[in-house]
Amino acid sequence: MHTSVNEIRLSDSSFFLRVDWEGQSLGSGFQLLLTDGQDAWRGEVSEAAVNSEAEELEMQKEKYIQDLQQALTEAENTSYSFSLTPDPPNHSCTVSLTYEKIQKDISFRLGCVVLTAVTEPVEAVREVLIHSLQRGNTLHTTNHKLREENRRLCQEHQRIAAKLKHYIEGKETLEAELYSRFVLVLNEKKAKIRSLQETLTTLQETRSSDGQKNRKSVKSDQAAGLEDEAEQDEYGGSTDEEPEEVQQSTAASNESFQVSSSPSPLGEGLRDITDVAPCRKRRFRHLGALELTVKKTTLETAQRKRLLSRIQSAPDSPECCRACISSFSSRRPV
């Protein structure tokens, strides 16, 4: 059984309305008790009456029951109004209690119930007072429990706030420490990266200089090879391995000695010419200095052969002999 007691205003007078019902809502029917503190009236509304009122208003039953419960059980709700007939009521007769809903300055009736006078109104008033006291005690107990819970929650909140503040301070300290360590590690990494970059740059420069040196040596080797090939082409491609050239050079030297020992109009000038016949040696192509010396010796030998042939074929004039001697003396062997 559910019970609700509210104060309502009827013709500038205060009345107390008590509503009792079973179940979850007023849809299964309810009982009403109306009193002004001296007289009392009692009535009942059945489930069929509730359904007929909802059909008459063409409202859904759930919506009608919701409005009905708000009008009869909620205190000081300005959206609903009550009227009592007759007004003022007579303590010895029946009265009609009408409850209406006000919406945008328009009111329509939610229902009407007939109340009969109670023979012992004092007992009805006492029941209302007892229920009000019990309800007050229940609310007081609930309010005390809520206050205790609120106090406990406040203390818990203060404790959590203090702990949170401590955690925030620890977090800030830890962040500062981690940041300082991170800065140190970052600086070390930067220094290491710079060192590696410098090492890489040095290696690249070294490799570039080595490559330039290798290219220069390759170019010099190629130029020496080209000069060697050119000299070989100029003098018939002779080498140290050719015995015929050696024999020819030896024969030419012998002829030069015979010419120099025989009497000649050149006089004493030809006796001063030294024998520069080359001493043939085996060439080693991998030795650059020796190869160059041998090439120059071969070149001098060929030039001397040509000069001796010119002297032998020249006329016996002192001027021609002096010119040939001066030209021959100016070319000294290396």
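Here is a walk through the structure above, from the whole chain down to single residues.

Keep in mind that you're looking at a predicted model. The chain contains six helices and seven strands. Follow it along the sequence and you meet the pattern β-β-β-β-α-α-β-β-β-α-α-α-α. Of its 334 residues, 24% count as buried. If you take the contacts in the chain with a separation of 6 or more, 48% of them come from residues 24 or more positions apart.

Let's start with the strands. Strands of a sheet pair through backbone hydrogen bonds, and the pairing can be parallel or antiparallel. Here, seven strands make up an open sheet, in the order β1-β2-β3-β4-β7-β6-β5, and the pairing is antiparallel. At the edges you'll find β1 (2–10) and β5 (80–85). Each of these has a single partner strand, so one side of each is left without a neighbour in the sheet. Going from one strand to the next, the twist averages 30 degrees.

Now step through the first few strands. β1 and β2 are antiparallel partners, joined over nine bridges. Leucine 10 sits opposite serine 13 in β2. The hairpin of β1 and β2 has two residues between the strands, and in it serine 11 takes a positive phi near 55 degrees. Next door, β2 and β3 also pair in the antiparallel sense, over six bridges. To spot one of the matched pairs, look for arginine 18, whose bridge partner in β3 is leucine 33.

On to β3 and β4, which pair in the antiparallel sense over six bridges. Phenylalanine 30 has valine 45 of β4 as its bridge partner. These two strands form a hairpin with four residues between them, and glycine 37 in the turn has a positive phi of about 100 degrees. How many of the six residues of β3 are buried? Five of them are, so β3 is largely enclosed by the rest of the structure.

Time to bring in the helices. α1 lies across β3, β4 and β7, and runs at about 155 degrees to β7. α2 packs on the sheet too, touching β1, β2 (13–21), β3, β5, β6 (95–103) and β7. The direction of α2 makes about 70 degrees with that of β5.

Which residues of helix α1 (residues 47–56) are buried? They are Val50, Glu53 and Ala54. Looking down the axis of α1, you'd see these buried residues fall within an arc of 100 degrees, so they line one face of the helix. There's a handy rule behind this kind of pattern: an α-helix has 3.6 residues a turn, so residues three or four places apart point the same way. On the other side of α1, you'll find Ala48, Glu55 and Glu56 exposed. And what do the buried residues of α1 pack against? Their neighbours are β3 (30–35), β4 (40–45), α2 (61–73) and β7 (106–117).

So how do the two helices meet? α1 and α2 pack at an angle of about 110 degrees, and their axes are 9 Å apart. That angle makes α1 roughly perpendicular to α2. On the α1 side, the contact involves Glu47, Val50, Asn51, Glu53 and Ala54. These meet Lys61, Tyr64 and Ile65 in α2. Sorted by class, the contact has four nonpolar, one polar and three charged residues. Notice that Val50, Glu53 and Ala54 turn up again here, having already appeared as the buried residues of α1.

One last stop is the loop between α1 and α2, where glutamate 58 lies. Just after α1, this residue takes a positive phi of about 55 degrees, although glutamate 58 is not a glycine. Is glutamate 58 buried or exposed? Glutamate 58 is exposed, with a relative accessible area of 75%.

To pull it together, picture the open sheet of seven strands with its antiparallel pairing. Then lay α1 across β3, β4 and β7, and set α2 roughly perpendicular to α1.

Methods. Residues are numbered from 1 along each chain as its sequence is written. This is a predicted model: local features need pLDDT of at least 70, side-chain atom pairs count only at pLDDT 80 or more; totals for chains, interfaces and linings use all residues. Side-chain values use heavy atoms; hydrogens and water are left out. Buried means under 20% relative accessible area, exposed over 50%, partly exposed in between (1.4 Å probe, protein chains only). The arc is that of the directions from the helix axis to the C-beta atoms. Contact means heavy atoms within 4.5 Å. Axes are lines fitted to C-alpha atoms, for helices over the stretch in contact, and angles run from 0 to 180 degrees between N-to-C directions. Angles under 35 degrees count as roughly parallel, over 145 as roughly antiparallel, 65 to 115 as roughly perpendicular and the rest as oblique. Ala, Val, Leu, Ile, Met, Phe, Trp, Tyr, Cys and Pro count as nonpolar, Asp, Glu, Lys and Arg as charged, and the others, Gly among them, as polar. Two strands pair if DSSP finds at least two bridges between them.
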